[in-house]
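Hi,

Here is the model I promised to pass on. Have a look at it first, and my notes follow underneath.

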2 protein chains.
Amino acid sequence: MDLKPLIRPQSIAIIGASRDSQKIGAQILNNLIRSNFMGKIYPINPKASAIQGLASYQSVIAVSETIDLAIIAIPQPFVQDAIKDCIQKKVGSIIIITAGFKETGEQGKKLEQDIANQCKKANIPLLGPNCLGIIIPQINLNASFGTQLPKTGNVSFVSQSGAFGTAVIDWAQNNNIGFSLFASLGNKAVLNENHFLELTNPNTKVQAFYLEDIVDGRRFMELSSELTKTTPILLLKPGRTKKAQEAAKSHTGALAGQDDIASTALSQAGVLRANTSEELFDLIKAFSFIKELNGNKIAIITNAGGPSIMATDALESAGLQLAPLSDKTQSDLSQYLPRESNIHDPVDLIGDAKAERYKNALDCVLKDQSVDAIIVLLTPQTSTEIELTAKYIIDHAKNTTKPIIASFIGGSHVEKGLKLLSQNNVLSYQFPEQAVNVLGRLWEYKQKQQIAINNHIIPNLSYVPNPAHNKLLDQAKSSNRTSLNQDELEELLSECNIKFPAKKRVTSPENAWQNAKELGAPVVMKIASSNILHKSDSGAVILNLYDQEQISESFGQLQKILKNSNDPNGYIYLQKQLPKGLELILGMKRDPVFGPVILIGSGGIYTEVYKDTAEMIAPLTKSQGQKMLESTKIYNILNGARSQQKYNTEVIIQAILKLSNLAMSYSQIKEIDLNPITIINDDLVALDARVIL
Amino acid sequence: MDLKPLIRPQSIAIIGASRDSQKIGAQILNNLIRSNFMGKIYPINPKASAIQGLASYQSVIAVSETIDLAIIAIPQPFVQDAIKDCIQKKVGSIIIITAGFKETGEQGKKLEQDIANQCKKANIPLLGPNCLGIIIPQINLNASFGTQLPKTGNVSFVSQSGAFGTAVIDWAQNNNIGFSLFASLGNKAVLNENHFLELTNPNTKVQAFYLEDIVDGRRFMELSSELTKTTPILLLKPGRTKKAQEAAKSHTGALAGQDDIASTALSQAGVLRANTSEELFDLIKAFSFIKELNGNKIAIITNAGGPSIMATDALESAGLQLAPLSDKTQSDLSQYLPRESNIHDPVDLIGDAKAERYKNALDCVLKDQSVDAIIVLLTPQTSTEIELTAKYIIDHAKNTTKPIIASFIGGSHVEKGLKLLSQNNVLSYQFPEQAVNVLGRLWEYKQKQQIAINNHIIPNLSYVPNPAHNKLLDQAKSSNRTSLNQDELEELLSECNIKFPAKKRVTSPENAWQNAKELGAPVVMKIASSNILHKSDSGAVILNLYDQEQISESFGQLQKILKNSNDPNGYIYLQKQLPKGLELILGMKRDPVFGPVILIGSGGIYTEVYKDTAEMIAPLTKSQGQKMLESTKIYNILNGARSQQKYNTEVIIQAILKLSNLAMSYSQIKEIDLNPITIINDDLVALDARVIL
């Protein structure tokens, strides 16, 4: 879809332009005129001949010239007719500002879908409905009912909440931050986040999003992995909790999906997720102002011990370190600093430091090759020269490629200094921990960018399903079954080299005892039935069977359960009971937004208790599979913690990759759950398994 | 120690007062005069006869009137003589501003101790050295070299970092926050945080601290548990990481101790620990402005869907809930709000809401008895009336006991509104998540306060040691041993009802085989020696022994290890090998700052991997022991998760309490480590144990 008429319009029609300044249509027209938009503007209003000094038209059809963009701001019942006119007129793009569609329930949803289908058929990009509009400062375009045209800059911000968008613009104004594009997505009937990820705008240095849902997760991942090679992508996406998801649904009709999977997918695709609105603001500012962080060694320069300790504390969890200052740097520092100061990192200039001391310390530390970035801390003490210090920081920041971040802690005294820094595009925050967190996320981006450049994201392989297994799955599905039976899943999972304990089907108490003797005690007796998914919870597993009496009794019990399960293909079987080893869980789940997700971690009775699992979106590379396993806590045990037995982790990684392939090959499978699965010698043996279709 | 001369001085001498305005002594004198201090001021300077219009004295001894407070601001080498003069003059209190003591190394530390001892002997309270001074706005006292006298108010702030203190004062000025007291502790040679916890100041509504270490942890806990019944205590204490602890040491010579134990102790004593400097600022403001939060049901009123979703998301982890608005409230709301708005919580007034809509919604929601507090969110949209909305919020806040917190998100447009709110003591933050977090911590305080009032903190019991066990421990200590041997610890731990598997001492391979047959296979062979603490790691435990050959061979192996351990009292023994059950860890460690700490959690090979343990400072009440166990993840398994076996948790709680008593009774014990310990029927059986003296 060609977005050019939307983002570079030469002519705009405002359907719903009005003389009543309270009307949204009037506000949009006013914004377009006030922002000195250079193209043509056509107010559309059947009841007026001129509005705000411009000739007005009955409808878009009455305009004889081409219309690149039609903005619809009329009551909901009239929107559909306006769309018909726009399609007839062949406008280049449409924005529907009007609300009252998907977010209000079934009827609104139907109407919205209808409009979306018409626009798609006519190949017209549609932004909204229920949105604020679009703003592109570079071409003086304020096609929104937001109050202000922000300054031109390098931030592209795409928001599913128009109101939050206005807050971001207002904040940006105060922080000397400009925009290459601002778009409000609203209900995303046609255009969504992915269309804006596709835009390559050379003026954009950072692409930020506020999203309540992601429409096509896999496309979002593909596009993000590509864009992140050159441009950091920031995302604030609330909806971690059920209550928040409900609120989102009534806001933009968003269906947020499972949040942990979204987090995994976003991280895998190189997207930096902001945890709070404040962090989003902090990160937009950081990526807009700063070029690159090339390492994680941070020098701190301070006039106050306390705040430098706070900053030092925050470094570790941000993945950063204090810089080991060279002997040269230390001896240089000692020439300029009084005896009581600290010439190691954090460099403490002590409380009576004037601006000159900051300048000299910056000189020395910037030259040190082991320093990747500098945090300058300042508290307003009696001798502190706040503005002059700010000026020196600005001078240094202009003459270095290393990020310099200032944190001036206080209130009215430090305000001017902070303002001066912002005005000169020097990154500054009120709190030391903010500065550290931002550097940590810059470093996180650098690493994600590298992974993306090395194409370690979403390998593009082709998957050839085994025809027999494909048939097996198709047959099960076509007979309306929702799961595979034990024999079928053992056959299918042989593709992943998953082994199962040998089982002996038994038909009577006597026959069971006969087989048990052959296996050797203890044995375990189970039911195989696709109607019984949670075997243990259903009483379909009996452990620790040694003698004939126990075995006869157990057979009787299971026979009753089997009968109640109404599965003519079900049967009872025996297995040798294995000694209790390390129990893992290995699984796959198909997420509606992001597709197949692979899971590995601690299994057995510990699964729910420790929730020690790692997830990743398939398909996976080997290094991803390895990273995934390594990120679980149980990996330490597998790897032989405390001089215990070391397990063959290669076998597990291979199983992860093969399960990933399986998920990609057979779209019929909805879920695979191997729990517990244990390692015996060099085999992965599943003690319980289910495959859901 | 009487602090009255320090906090209510009638007469002050400044030792080091100077005409050179760059000197700290000159700045302090200037501050005292500028702040209109009403008492007498005596500049002390042997080289001047008058300074800043006041008669100057050769020394404090030359002043004929009483001196309540002597402030010393002269170079370090002259401080000791000044102290001598002060003691001779019998001044009421001393502040040493001068730095260069404990924080600089051994020599400085010795000098500081010397001065401290002199002051203690003379019963003179000494603040500092290496500090900023003290400020008490109510009596116009700015006895510091901070630049400004903050306004009178209800915040007491005591800071181990003077510079951070100046930042807090500067910030407070901007946020309409006043102080009942500000003190800079410096190196805490005599006066420390506990002396300020002892002060009962009716003007103080919130007691905040910045501390790098806590001098006497148990006293701090006692005083905090008492004060928290009436006054919330906030603490920012960095030093979570090793690097930050090193930085703290060079700052104020602080030795921070183990951070997780400090966290446990603080929480137990009712102290609210701020996680970042920003959170400390947020909390000081909240507790200074707001009376009480009496429940956790929060109503959100908003003109923007996005921010209300962010707030809703944050509620859960803050321990809060959306308020279930009554039918009455909802029908009232629907009368005032347009059809598209949301009359459930979060109440969405939608984007075109003017101030009137906020006012009406506040009216309705405030009346709802199920609402404990309200968050008002605002984004600057075209129709938004920011200042008028602020005014309505102020009106409502004045006429209710329920907390109302505003979050106006944006920049220049919302600034005036935020300022107006602050000026009228209405709590406001820029970000919705900040507002939620603050309410969560207000609710946390309410609960901690209740526990303190019910005297559930540090029960005051007496502990009677068993004379035989006392003797056993004394003898072990006096023979310079650092641990108990197996027999001794089994005897001692019988006090906690801890059982041990029956052991058979064996003296030869033949004798071992004989005993093994009696126990029944499999057996485990171990060494008992107080020289071998980590049995498994030292190879002093051999499992799974079935036949004579294995047993002979193992005996040989262990004999060698025993020989190398050089313990004439060591021996080899056999135990029946128990089936692998649920493994716990139960332990005690004596922290140098907070005393005995009890620990319970997942044990065995999982100890280090899952770090699933809970700690509490002894002595413990039963409800604390229970809460501790319940806060571990393994509790879910003990409690019969997923219809598995349910364990007798009462036995574990009893053992926790008895271990707590043991720790209180025998100060000789440094550490007890029972890991793994398992539950067999109704017994706790320790499979490995050590007691360190």
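Before the strands, a word on terms: two strands count as paired if DSSP finds at least two bridges between them, and the strands themselves (E, at least two residues) and helices (H or I, at least four) are DSSP runs numbered from the N terminus. As for bookkeeping, this is a predicted model, with local features needing pLDDT of at least 70, side-chain atom pairs counting only at pLDDT 80 or more, and totals for chains, interfaces and linings using all residues. Residues are numbered from 1 along each chain as its sequence is written, chains are lettered from A and ligands numbered from 1 in the order in which they are written, and side-chain values use heavy atoms, leaving out hydrogens and water.

Let's start in chain A. Strand β21 (498-499) of chain A runs parallel to β30 (683-686) of chain A, joined by two bridges, and Ile498(A) has Leu684(A) as its bridge partner there. On top of that, β30(A) pairs with β29 (671-680) of chain A, antiparallel this time and over four bridges; Thr678(A) is matched with Val685(A). The hairpin of β29(A) and β30(A) has two residues between the strands, and Asn681(A) takes a positive phi near 55 degrees in it.

Also in chain A, Lys504(A) and Glu518(A) make a salt bridge (Lys or Arg side-chain nitrogen within 4 Å of an Asp or Glu carboxyl oxygen), with their closest N and O atoms 3.1 Å apart. That pair ties strand β22 (503-506) of chain A to helix α19 (509-519) of chain A, across 14 residues. The whole structure has 44 salt bridges over all chains.

So how many salt bridges are there between chain A and chain B? The count is zero. The contact (heavy atoms within 4.5 Å) nevertheless takes 78 residues from chain A and 78 from chain B. About 6,400 Å² is buried between them, carbon and sulfur atoms giving 60%; that is the accessible area (1.4 Å probe) lost on putting the two together, summed over both. Among the elements giving two or more residues to the chain A side are α5 (162-174), α16 (432-453) and α23 (634-638) of chain A.

Over in chain B, there is an open, mixed sheet of seven strands, ordered β9-β8-β11-β10-β12-β13-β14. Its edges are β9 (141-144) and β14 (272-274) of chain B. Inside that sheet, β10 (152-159) and β12 (206-210) of chain B pair in parallel over five bridges, and Val155(B) sits opposite Val206(B).

Cheers
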